[in-house]
Amino acid sequence: MDNAERFWNASLEELKRGYVYEGSHCVCLLCGESLEKGIIYPHEGTFYEAERYMQLHIKEEHESVFSYLIGLNKKITGLTEHQNRLLQLFYEGKSDADIQREMEIGSASTIRNHRFTLKEKERQAKVFLTLMELLKEKDEHAPTFVDVPPTAVMIDDRYNITEEERAFVLEKYFQNGSLTTFSLKEKQKLIVLREIAKQFHSGKRYSEKEVNERLKVIYGDYVLLRRYLIEYGFLDRQADGSEYWLKQ
């Protein structure tokens with residue numbers, strides 16, 4: 001299971017916590033970091049069990065689950081920039097009057113109206129989730145869609161991909177682990193890039209040379225692959241290109 005699938009299959013309580021249990025492991029929903037239960041992990045002179053160490057990992061690597069989620073693409077959160085900023089200030093414990101002054105909008109009563117609108121959005125979301133759960137029990141013809149990675153930066157019709165389409169594209173354009181062509185439609189490129197991104201591991205930093213060596217094995221024009229992996233939000237890098245990593 002890749003981390004996008006793990007993320008979207010998590011329950012509300014698991015998402016709030018930021019990690020799930022898979023067999024004997026705790027797995028971070030935000031980046032895929034996996035810790036084995038029963039192992040003691042050292043941190044700054046103190047030793048922690050897996051669950052507690054995972055909490056430290058989330059705090060140090062992601063600041064908090066809230067910070068991670070609020071930073072996701074607005075196509076994923078469904079929030080406007082204005083709503084996003086309001087939620088951040090509410091989370092910081094600011095009063096309505098403080099928020100009104102900081103954002104320079106309306107009055108304290110205006111902020112209360114925004115709170116009411118967000119509460120209404122929460123109620124609508126609960127009803128919609130319930131409807132979708134009930135629909136799953138009846139809709140026998142619904143295709144299985146590939147999960148959108150939470151780190152996706154360009155979310156549009158390219159992500160309208162079924163599992164059947166994904167399997168067909170990979171079988172057609174990969175031979176013995178090598179990509180036969182990258183002259184593909186945008187949706188096909190997305191499928192291919194997602195598969196190539198599996199060559200990189202969460203939490204590991206790679207030099208440009210290491211990235212190139214992994215991509216050369218897959219396709220001759222490794223520079224093109226590297227650029228697309230960054231543009232599509234699978235990889236990130238330092239501004240000077242000295243380090244690359246799997247985007248979380």
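Which residue in β2 does Y21 stand opposite? The partner is C26, and this pairing is a convenient way into the predicted model described here. Local features are reported for this predicted model at pLDDT of at least 70, side-chain atom pairs count only at pLDDT 80 or more, and totals for chains, interfaces and linings use all residues. Residues are numbered from 1 along each chain as its sequence is written, and side-chain values use heavy atoms, with hydrogens and water left out.

Y21 and C26 belong to an open sheet of 3 strands in the order β1-β2-β3, paired antiparallel. Strands here are DSSP runs of E with at least two residues, helices are runs of H or I with at least four residues, and both are numbered from the N terminus; two strands pair if DSSP finds at least two bridges between them. The edges are taken by β1 (19-22) and β3 (34-36), each with a single partner strand, so one side of each has no neighbour in the sheet. From one strand to the next, the twist averages 25°. Angles of this kind run from 0 to 180 degrees between N-to-C directions, with axes fitted to C-alpha atoms, for helices over the stretch in contact.

Taking the pairs in turn, β1 is joined to β2 (residues 25-28) by 4 bridges. E22 has H25 in β2 as its bridge partner. The hairpin of β1 and β2 leaves 2 residues between the strands, and G23 in the turn has a positive phi of about 60°. On the other side, β2 and β3 pair over 3 bridges, again in the antiparallel sense, and V27 stands opposite S34 in β3. This second hairpin has 5 residues between its strands, with G32 at a positive phi near 90°. Across β1, β2 and β3 lies helix α3 (residues 50-62), which runs at about 15° to β2.

Helix α10 offers a good view of the packing elsewhere in the model. Of its 11 residues, 8 are buried, where buried means under 20% relative accessible area, exposed over 50% and partly exposed in between, with a 1.4 Å probe and protein chains only. The buried set is Q188, K189, L190, I191, V192, L193, R194 and I196. These residues pack against α1 (3-9), α9, β6 (174-175), β7 (178-179), α11 and α12.

Two of those partners can be described in more detail. The axes of α9 (residues 163-173) and α10 (residues 186-196) come within 10 Å and cross at roughly 75°. The pair is therefore roughly perpendicular, a label for angles of 65 to 115 degrees, whereas under 35 degrees is roughly parallel, over 145 roughly antiparallel and the rest oblique. Contact, meaning heavy atoms within 4.5 Å, involves E165, R166, V169, L170 and Y173 of α9 and K187, Q188, I191, V192 and E195 of α10. By class there are 5 nonpolar, 1 polar and 4 charged residues; Ala, Val, Leu, Ile, Met, Phe, Trp, Tyr, Cys and Pro count as nonpolar, Asp, Glu, Lys and Arg as charged, and the others, Gly among them, as polar.

With α12 (residues 222-231), α10 packs at about 95°, the axes being 10 Å apart, which makes this pair roughly perpendicular too. Here K189, L193 and I196 in α10 meet L225, Y228 and L229 in α12, giving 5 nonpolar, no polar and 1 charged residues. Also in α12 is V223, which counts as partly exposed because its relative accessibility is 39%.

A nonpolar core is a set of buried Ala, Val, Leu, Ile, Met, Phe, Trp, Tyr and Cys residues joined through side-chain atoms within 4.5 Å. The largest has 34 residues, and L179, F182, V192, I196, F200, L225 and L229 touch the most other members. At least two residues each come from α9, α10, α11 (208-216), α12 and β10 (244-246), and α10 supplies the largest share, 5 residues. Beyond its neighbours within four places in sequence, F182 is in contact with K189, V192, L193, Y219, L224, L225 and Y228. A second, separate core of 18 residues includes V27, C31, Y41 and M54.
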